[in-house]
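Hi,

Here's the structure I promised to pass on. Have a look at it first, and then read my notes below.

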Amino acid sequence: MSLPALQNTSVFYRRILSQFPQDISLAFAYGSGVFKQSGTTQGQMGKNMVDFVFAVDDPVTWHTMNLLQNRKHYSFLKYLGPKHISSIQNDHGAGVYYNTLVPTNGRIIKYGVISTDSLIDDLMHWKTMYVAGRLHKPVKILLQNENGKLRAALVGNLKSAVTASFLMLPESFSEEELFVQIAGLSYSGDFRMVIGEDKSKVLNIVKENLPHFRNLYSNILQECPQVVYKPQQGKLEVDKSPEGQFTQLMALPRTLQQQITRLVDPPGKNRDVEEILLQVAQDPDCGSVVQQGISSIVKSSSITQSAKGIATAGMMKTVSYSAKKLWKMWKGWRRKPV
């Protein structure tokens, strides 16, 4: 995984990072304010909100410092203090606390705070796929400390995205089809894709960023024994035998395996996970079962995190943010050919 150092990032990002407490294990920027999407001009991109995620080892201490430095960023929840804010962050939704529509350095930003342990858990096990899903797509890494477990989890998350996508694709497919599948994992089951998001969002992300996706995934694809990767032609062939699919199913993150088990195993039967996955590997609808498992994870976390967002943003910002999302969705409909 490419992890550019802070000195290689632009002055804009360094200036923004300098305004926050420095005890950050991982900081990255993502979204349409960072990476160009189809149908968006460079000028429009410069007006889009810039999204950040900060992983911190000690959320209570970090919020204590941030309340001193950036108290205006918080909603009414600031009056509850850093311990309650950290509790809301860790115990509800997807383990992320967002401050949104924050004006800084001539741009509007949104930043989410997650504990390093919660991030590693999501990357390894796809407990919510909320931040793990964002890291399936190209992001701009701004800062990363020397946490070996976090580094391994970041790479493991990308490998899991590839494995899950293989199970949902046919035997032969193109690079672009793979990256569209990967980019769409974290939107599968997300209620915001019904209302509030541009429906062509996934394709827009991939089409303008194929080199970034290749940079992120080429080493994993070249080293994966389950696939024949032909980068010159942009083609891939994956093992769709029951044995191959069983190997892939056994490599999936734990929460997804558990969701697949719940979908397939009748109540009260209580077979072990390996036995159930062996059955799924031989099912012609194997890919559909995996898709349903992912959707159930994403649906739950997207609803609970969005509900939490009303409190963390405050009502005025929630209405403003939602209106912007609906406007983008309407523009996406207008761009579609009749």
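**What I found**

Let's start with a cysteine: C286 is buried, because its relative accessible area is 1% and buried means under 20%. Keep in mind throughout that this is a predicted model. C224 counts as buried too, as its relative accessible area is 19% and the cut-off is under 20%. How many disulfides does a search of the whole structure find? The result is 0. In case the term is new to you, a disulfide is a covalent bond between the sulfur atoms of two cysteines.

C286 also leads us to L249, since the two are in contact. Besides C286, and leaving aside neighbours within four places in sequence, L249 touches L167, Q257, I260, L277, V280, A281 and V290.

Now for the bigger picture around L249. The largest nonpolar core has 67 residues, and L249 is listed with Y217 and I294 as having the most contacts inside it. Which helix gives this core its largest share? That's helix 7, residues 148-168, which supplies 10 residues. There's also a second, separate core of 26 residues, with A27, L67, I109 and L142 among them. As background, nonpolar side chains tend to be buried together in soluble globular proteins.

While you're looking at helix 7, find N157, which sits in that helix. Is N157 buried or exposed? N157 is buried, with a relative accessible area of 0%. If you skip its neighbours within four places in sequence, the contacts of N157 are L123, W126, A132, L135 and H136.

Next, the sheet. It's an open one made of 5 strands in the order 3-4-2-1-5, with mixed pairing. Why do strand 3 (96-104) and strand 5 (140-144) each have one side without a neighbour in the sheet? They stand at the edges and each has a single partner strand, so one side of each is left free of a neighbour there. From one strand to the next, the twist averages 20 degrees.

Zoom in on strand 3 and you'll see that 7 bridges join it to strand 4 (residues 107-115), with the two running antiparallel. One spot to click on is N99, which stands opposite Y111 in strand 4.

Last stop: helix 5, residues 116-125. Helix 5 lies across strand 1 (26-30), strand 2 (50-56) and strand 4, and runs at about 85 degrees to strand 4.

Happy exploring!

Notes
Residues numbered from 1 in each chain as written. Predicted model: local features only at pLDDT ≥ 70, side-chain atom pairs only at ≥ 80, totals over all residues. Heavy atoms only, no water. Core = buried A, V, L, I, M, F, W, Y, C linked by side-chain atoms within 4.5 Å. Buried < 20%, exposed > 50% of the residue type's maximum accessible area, 1.4 Å probe, protein only. Helix = DSSP H or I, 4+ residues; strand = E, 2+ residues; numbered from the N terminus. Contact = heavy atoms within 4.5 Å. Pairing = 2+ DSSP bridges. Axes fitted to C-alpha atoms, helices over the stretch in contact; angles between N-to-C directions. Disulfide = S-S within 2.5 Å.
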